[in-house]
Every structure is written in structure tokens, then in C-alpha cells.
Amino acid sequence: MSTLQKHMGMRSAERSSSSQIITRLFAVIVIYKMQPLDSSTLQTLLASVENTSPDNFDLKILVWDNTPGGQDIGKLPGGILYESAPHNPGLAQAYNQALEQAEAEGYEWLLTLDQDSCLPVDFLAKIADFASELSPDKTIGAIVPQVIADGRIVSPFRFVFGVPRWFGSGFVGTSKRAAYAANSGSTLRVCALREMGGYDPMFPLDLSDTNLFHRLHDSGKSVFIAGDVLVHHDFALLNKPARMSIERYKESLLDDCAFWDLYMGPVARFERIIRFAGRACKDLYFSKESGFWKPTLSELKRRLFTPRQRRIAEWRKWATLRRNNSVRGPGGQSIVLRQGQQNYPQS
């Protein structure tokens, strides 16, 4: 029997009779145009499994594959579940599907991951300890690690007058204010997610995490920051030429604007305009990112000269069509709607 299979609900009689709190964790890894075993996330998660006593928790792993058209993945290690979504619905649907399965099977925590993270070898051991300690406190809706990209902290953070401020290196504790974190590496309480309706399908990919943690705070839940757990991650926005198409980038700009229009104040929206002006200059200066300059400038003009309520109305119409596009049709394929909003990218 493999170490992974020992974590997947196969408790011994001695373990069942123990008074120790067992952490039940359902992990979902979303991949895209990558073989599962080539994912640094899956590789390091399995290494962490090997480094963790099966007496601490029960673990189930689901690999959700958003590769367009599907792919032949060969064999996976025993105990790993696999689901193919060839219509590529994004992250929100994948995480919501995993949430349903975790809830149905009695798992208390949902660990959300994407394919480009590197987890420390003691990741599961530390998360299990935190989850066991925090389990009785139902006000804690999430446990999040510190995420590093390109040598700097990118998650978690809070907003101060609309400006993101990252928690200091090694900070451990519960945030007194609304805290936001990246999807990958976040451990979310299943019942808290269910109470708030899961991930919002109107934000299927970009800003899906920011939107989720905003709603988590609005529902009265707090975030515990495990700053002594460091996760390294490759963020698409930090390497746009290699990681994002122009069309994908345009969609991310629209979702970004919609979140700030819907939930943030005028000071925050003004700060965002300044930030995008700086990004436009950066995109123009670096030749490898020059193709992103025009979309950034176009979005900057839209934020300056299109009234906020009109921006929200146009985004809702476009995002609703995008959401409908992701509905799975016969044979597992998507129902593609060919309608679109003028000046908005087609899904």
C-alpha cells in the first residue's frame, strides 16, 4: 500500500480509536496543457505526502485537467482522482466541483492548487497541525501560506485605502482585517465555502481568488495566515509573454476593473488607474512585452472616460455570456455561444 493510499481514508483500528483530531483534506490541482506528473505542484505535494505521518490526516487528491480537447495522461499514482474538462471552464468551476465532492465525502478542508506551485516538503504536516488546532473555531474560514514569486511576497495581503499591503515575512496569526490570498496553496473550510455559495462563476479565472476572499470576509469569516509556510509560485502576470495570450490578458483587465468597480471605493479605483499607467509604460519599455502595451492603454482610457455604472453593466453582460459558454454540453463538451459584447474579447 502506498503512502498516499494510507492517507485516503484507510485508518487502522488503533487510529480510529485515538482521541487525536484527524484533519480531513481534499486537494484539487488544476492543470492546463500539461501532463499531471510534469506539474511541480503535484510533484511537491506527493513529496510532502511522503514526509507526513498518515496518523495526522486523511488526504484525497483530484487532478482537474482544463487542457482544451483533452489529452492522454497515461498512468497516475494509485489513489489520485482525475477529471478532464476539455472545454476549459477556468478555475471557479473546477474548485466548485471539488467543493461538492469534498462536502459529499465529509472532508472538512479544501486545498486549492494550480499547476505551477512548489510546496515545501513539510507543507502538509504544518497545514494539518494548523487545521487541527483551528478546527473548533468556526470563524476561521481559511488557512493560507505565504506565497513567493520572483523573490518577493505576493500573497497574502490586505488593502489600505485600496492599496495592497502584504503581510510581513513570517507573520503567523489571524488577520483582524479582510485578508486576501492566492488560490494556490489556500486551505479553505468546506462549510464556510458552502455557506457563501462557493466560487463566483462570474470570475472564472483571474480575480477568482480576490473575489472569493472578499466574500469570505463579508460572510463574517477570518483568515489565518501561516507565514512560516512558504510556497513558491509562478504568476502569469509576472511573465505575460510566456504565460498569457493577448486575449487572455484583455479578459483579465476586464475582470480586474469589474472587481474594483463593484467592491472598492474611489480612492482605490484612482490608485488602480495610476498602477495601470505605470504598467503601460513598463509594457512599452520592455520589447518582449510590447504587444501588451496597446491593451493596457486601451483599458486605461476606458477606466478614465467610461462611467463606472456603464462599465459594470457592460461587464455583467459580457461575463454572463462567458459564464454560459462554460456550461458543459453533451459528451462533456462546452455549449459555445457566438454572441459577444462590442469592444469585449470573445470567449
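The paragraphs below lead through a predicted model of one protein chain, starting with its overall make-up and ending with the helices that pack around H9.

The secondary structure of the protein chain consists of twelve helices and twelve strands. Of its 347 residues, 52% are buried. When contacts with a separation of 6 or more are considered, 74% of them are between residues 24 or more positions apart, and several of the places described below give examples of residues that are brought together from separate stretches of the chain.

A useful place to begin is helix H3, which spans residues 40-50 and is largely enclosed by the rest of the structure, because eight of its eleven residues are buried. The buried residues of H3 are Ser40, Thr41, Leu42, Thr44, Leu45, Leu46, Ser48 and Val49. As background to reading such a list, an α-helix has 3.6 residues a turn, so residues three or four places apart point the same way. At the start of H3, the backbone nitrogen of Thr41 has a side-chain oxygen of Ser39 within 3.2 Å.

Three residues of H3 reappear in the surroundings of Ser117, a residue of strand E5, which covers residues 117-118. Ser117 is counted as buried because its relative accessibility is 0%, the cut-off for burial being under 20%. Leaving aside residues up to four places away in sequence, Ser117 touches Ser40, Thr41 and Thr44, together with Ser184, Val231, His232 and His233. The stretch that follows these last residues in the chain also approaches strand E6, which runs over residues 140-149 and includes Ala149. The C-alpha atoms of Ala149 and Asp234 are 6.0 Å apart, although the two residues are separated by 85 residues along the chain. Ala149 is itself buried, with a relative accessible area of 3%.

Some points of backbone geometry deserve attention in the loops. Between Ser155 and Pro156 the peptide bond is cis, with omega at about 0°, and Pro156 belongs to the loop between strand E7 (152-155) and strand E8 (157-160). Lys33, in the loop between strand E1 (23-31) and H3, is not a glycine and yet has a positive phi of about 55°. Leu207, which lies in the loop between helix H6 (190-195) and helix H7 (208-218), is another residue other than glycine with a positive phi, in this case near 70°. Are these residues buried or exposed? Lys33 is exposed, with a relative accessible area of 57%, whereas Leu207 counts as buried at 13% relative accessibility.

The remaining paragraphs turn to helix packing. Two packed helices are described by the angle between their axes and the distance between the axes. Helix H9 (residues 246-263) packs with helix H12 (residues 308-325) at an angle of about 125°, their axes being 10 Å apart. That angle makes H9 oblique to H12, and H9 passes H12 in a left-handed crossing. On the H9 side, the residues that meet H12 are Glu251, Leu254, Asp255, Cys257, Ala258, Asp261 and Leu262, and their counterparts in H12 are Arg308, Arg311, Ile312, Trp315, Arg316, Trp318 and Arg322. By type, the residues of this contact of H9 with H12 are seven nonpolar and seven charged, with no polar ones.

With helix H10 (residues 266-285), H9 forms a crossing of roughly 160°, the axes coming within 10 Å. H9 and H10 are therefore roughly antiparallel to each other, and their crossing is right-handed. In this contact Tyr249, Leu253, Asp256, Trp260 and Asp261 of H9 meet Ala268, Arg269, Arg272, Phe276, Arg279 and Asp283 of H10. The contact of H9 with H10 comprises five nonpolar and six charged residues, and no polar ones.

Helix H11 (residues 293-305) also packs with H9, at an angle of about 25° and with the axes 10 Å apart. H9 and H11 are therefore roughly parallel to each other, and H9 passes H11 in a right-handed crossing. Here Ile246, Tyr249, Lys250, Leu253, Leu254, Asp256 and Cys257 of H9 make the contact with Pro295, Thr296, Glu299, Arg302 and Arg303 of H11. The residues of the contact of H9 with H11 divide into six nonpolar, one polar and five charged.

Definitions and conventions. Residues are numbered from 1 along each chain as its sequence is written. This is a predicted model: local features need pLDDT of at least 70, side-chain atom pairs count only at pLDDT 80 or more; totals for chains, interfaces and linings use all residues. Side-chain values use heavy atoms; hydrogens and water are left out. Buried means under 20% relative accessible area, exposed over 50%, partly exposed in between (1.4 Å probe, protein chains only). Helices (H or I, at least four residues) and strands (E, at least two) are DSSP runs, numbered from the N terminus. A polar contact is a pair of N or O atoms within 3.5 Å; within protein, one must be able to donate a hydrogen and the other to accept it, and residues adjacent in sequence count only if both atoms are side-chain atoms. Axes are lines fitted to C-alpha atoms, for helices over the stretch in contact, and angles run from 0 to 180 degrees between N-to-C directions. Angles under 35 degrees count as roughly parallel, over 145 as roughly antiparallel, 65 to 115 as roughly perpendicular and the rest as oblique. A crossing is left-handed if the near helix is turned anticlockwise from the far one by less than a right angle, and right-handed if clockwise. Contact means heavy atoms within 4.5 Å. Ala, Val, Leu, Ile, Met, Phe, Trp, Tyr, Cys and Pro count as nonpolar, Asp, Glu, Lys and Arg as charged, and the others, Gly among them, as polar.
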